[in-house]
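Biologist: I would like to learn how to read a protein model step by step. Could you take me through one, giving the general idea before each case?

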Amino acid sequence: MQRAGFLEIQKKCIKIMDMSEKKEELVNRFLRTFTHYFTLKDMVRIFISLGVRARPQEVREFLESSPYVFALEKDMFITR
């Protein structure tokens, strides 16, 4: 999928989660700077700590569409 496609999906996920631009920037900053493996559950906790209400499936879709993240197996992710 082209980068433009990723951005559209990411924006859709953000809209679904009603994430403010400031919160979106905080999430993306985390994804650009974090250098360790993390789980879907870890990321759900990060969203909650930022005040973003989202179901795990919504967070998964956000992560899978992010240009900053590689999906691994068993709900594991790592940043690029």
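Modeller: We will go from the overall make-up to the helices, and then to some residues in loops.

Modeller: Please keep in mind throughout that this is a predicted model.

Biologist: Which helices and strands make up the protein, and in what order do they run?

Modeller: A good habit is to list the elements before looking at any residue. Here the secondary structure comes to four helices and three strands, and from the N terminus on the elements run α-α-β-α-α-β-β. Of the 80 residues of the protein, 34% count as buried. Among contacts between residues at least 6 apart in sequence, 57% join residues at least 24 apart.

Biologist: How do I check the length of a helix such as α2?

Modeller: The idea is to compare an expected span with the one found in the model. Helix α2 covers residues 21-33, and at 1.5 Å a residue its 13 residues should span 18 Å, which agrees with its end C-alpha atoms being 18 Å apart.

Biologist: Which residues of α2 are buried, and which are exposed on the other side?

Modeller: Buried here means under 20% relative accessible area, and exposed means over 50%. In α2 the buried residues are Val27, Asn28, Phe30 and Leu31. Seen down the axis of α2, these buried residues fall within an arc of 155°, so they line one face of the helix. On the other side of α2, the exposed residues are Glu21, Lys22 and Thr33.

Biologist: Which residues does α3 bury, and what does its opposite face carry?

Modeller: The same reading can be tried on this helix. Leu40, Met43, Val44 and Phe47 are buried in α3, and because they fall within an arc of 105° when seen down the helix axis, they line one face of α3. The face turned away from that buried side carries Lys41, Ile48 and Ser49, which are exposed. For Lys41 the relative accessible area is 56%, and although Lys41 and Met76 are 35 residues apart along the chain, their C-alpha atoms are separated by 9.1 Å.

Biologist: How do the axes of α3 and α4 cross?

Modeller: Two packed helices are described by the angle between their axes and the distance between the axes. The axes of α3 (residues 40-49) and α4 (residues 56-65) come within 10 Å and cross at roughly 100°, which means that α3 is roughly perpendicular to α4. The contact is made by Leu40, Met43, Val44 and Phe47 from α3, together with Pro56, Val59, Arg60, Phe62 and Leu63 from α4. Sorted by class, this contact has eight nonpolar residues, no polar ones and one charged residue.

Biologist: Where is Thr35 found, and is this residue buried or exposed?

Modeller: For a loop residue, we can look at its place, its accessibility and its distance to a residue elsewhere in the chain. Thr35 is found in the loop between α2 and β1, and Thr35 is exposed, with a relative accessible area of 58%. Thr35 and Ile78 are 43 residues apart in sequence, while their C-alpha atoms are 7.2 Å apart in space.

Biologist: Which residues have a positive phi?

Modeller: Backbone angles can be read one residue at a time. One of these residues is Gly51, which follows α3 and has a positive phi near 85°. Lys74 is not a glycine, yet its phi is positive at about 55°, and Asp75, also not a glycine, has a positive phi of about 60°. Lys74 has its place in the loop between β2 and β3, where Asp75 also lies. Lys74 counts as exposed at 75% relative accessibility, whereas Asp75 is partly exposed, with a relative accessible area of 34%.

How values were computed: Residues are numbered from 1 along each chain as its sequence is written. This is a predicted model: local features need pLDDT of at least 70, side-chain atom pairs count only at pLDDT 80 or more; totals for chains, interfaces and linings use all residues. Side-chain values use heavy atoms; hydrogens and water are left out. Helices (H or I, at least four residues) and strands (E, at least two) are DSSP runs, numbered from the N terminus. The expected span of a helix is 1.5 Å times one less than its number of residues. Buried means under 20% relative accessible area, exposed over 50%, partly exposed in between (1.4 Å probe, protein chains only). The arc is that of the directions from the helix axis to the C-beta atoms. Axes are lines fitted to C-alpha atoms, for helices over the stretch in contact, and angles run from 0 to 180 degrees between N-to-C directions. Angles under 35 degrees count as roughly parallel, over 145 as roughly antiparallel, 65 to 115 as roughly perpendicular and the rest as oblique. Contact means heavy atoms within 4.5 Å. Ala, Val, Leu, Ile, Met, Phe, Trp, Tyr, Cys and Pro count as nonpolar, Asp, Glu, Lys and Arg as charged, and the others, Gly among them, as polar.
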